[in-house]
Amino acid sequence: MLEYLSTAIRAAIEAGEAIMRIYDGDAAGMEIEHKADNSPLTLADRKAHSIITEHLAKTPFPILSEEGRHAPYAERSRWDKLWVVDPLDGTKEFIRHNGEFTVNIALVENGTPRTGVIYVPATRTLYYGDDTAGAWRVKTVPQGVTLLSDIEAGAERLPRKKEKAARAYTVVASRSHLSPETAACIRELEARYGRVETRSAGSSLKFCLVAEGTADFYPRLAPTMEWDTAAGDAILRAAGGTVTDKDSHRPLTYNKPDLYNPFFEATAPEV
């Protein structure tokens, strides 16, 4: 899958640039529609989707995007490889203007996320991972740079080496979706570990914190869709961490008949 990583990175960065032009622009670009499930949709979602699909359409693989057509499973079941895309993950964070939104692109093979790209437009931070090349972070992508070959020199491997003893066991939770079940899980961890620090983050940034080793655990005990998690899952797996079904403890799978994920737990790699 490594040969397609550069395509995904370029698509994510260019989509992020379009998102930021709207984010930093006038209020007209922030006009909000609502989809059938009452989740918000902005011009930035649509612009990012258009840019990403233009890039990914040049590859041999079909695209499953939050903002695109969702093919029926009878058709999708024949796809052994596909792109799973969230053009703007964290639309609520985008609307709130807190910078905690991302562009998510993953390449999935036979249900397993093999390659993942997460781009944070507000900070120009890039996370990417591949099951043959490991996981990496570029803290600040230089302006105008979109090619992997020009980015690699500034990349640092994940997880980052550090002294875990210097901090408490750290749980990362959703800024917008902290469910009662998640709160109960945190209380259980406090009983097990004593002092537990909780960090809030929007969008797929939670996976990034766990892949870095900045956080130890991300329990998601509230609904998510495959495009919310595929890129972060790929990056965390590439870093040596795990994303597992809370009940079965098996890795998450993708391109299922039902595109909802089960409740899951993301665990940091050893550092």
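This is a short tour of a predicted model, moving from the whole chain to single residues.

**Whole protein**

Start with everything selected and a cartoon view. The protein contains eight helices and 14 strands. Its radius of gyration is 18 Å, close to the 18 Å expected from the globule rule for 271 residues, so the protein is as compact as a globular protein of that length. Align the view to the principal axes, and the C-alpha trace spans about 50 × 40 × 40 Å.

Next, colour by relative accessibility. Of the 271 residues, 56% are buried. Switch to a surface: the accessible area comes to about 12000 Å², and carbon and sulfur atoms account for 49% of that.

If you draw contacts, restrict them to pairs with a separation of 6 or more. Among these, 63% link residues 24 or more positions apart.

Now select the charged side chains. There are 33 positive and 39 negative ones, and the centres of the two sets lie 3 Å apart.

**Loop after strand S6**

Select 112-130. Strand S6 (112-120) and strand S7 (125-130) are joined by a loop that holds arginine 124. Check the backbone there: arginine 124 has a positive phi of about 60°, although it is not a glycine. Is this arginine buried or exposed? Arginine 124 is buried, because its relative accessible area is 13%, below the 20% cut-off.

**Loop after strand S9**

Move on to 156-174. Between strand S9 (156-158) and strand S10 (169-174) runs a loop, and proline 159 lies in it. Show the peptide bond that joins leucine 158 to proline 159: the bond is cis, with omega about 0°.

**Loop before helix H7**

Select 196-212 next. This range takes in strand S11 (196-201), helix H7 (205-212) and the loop between them, where serine 203 is found. Serine 203 is not a glycine, yet its phi is positive, at about 55°. Serine 203 also counts as buried, because its relative accessible area is 11%.

**Two cysteines**

Finish with cysteine 185 and cysteine 208. How many disulfides does the structure hold? The count is zero. As for accessibility, cysteine 185 is buried, since its relative accessible area is 10%. Cysteine 208 is buried as well, at 1% relative accessibility.

Note on methods: Residues are numbered from 1 along each chain as its sequence is written. This is a predicted model: local features need pLDDT of at least 70, side-chain atom pairs count only at pLDDT 80 or more; totals for chains, interfaces and linings use all residues. Side-chain values use heavy atoms; hydrogens and water are left out. A disulfide is a pair of cysteine sulfur atoms within 2.5 Å. Buried means under 20% relative accessible area, exposed over 50%, partly exposed in between (1.4 Å probe, protein chains only). Helices (H or I, at least four residues) and strands (E, at least two) are DSSP runs, numbered from the N terminus. The radius of gyration is taken over C-alpha atoms; the globule rule is 2.2 Å times the number of residues to the power 0.38. Contact means heavy atoms within 4.5 Å. Accessible areas come from the Shrake-Rupley method with a 1.4 Å probe; for residues, only the protein chains shown count as cover. Lys and Arg count as positive and Asp and Glu as negative; His and the chain ends are not counted. The place of a charge is taken as NZ of Lys, CZ of Arg, CG of Asp or CD of Glu.
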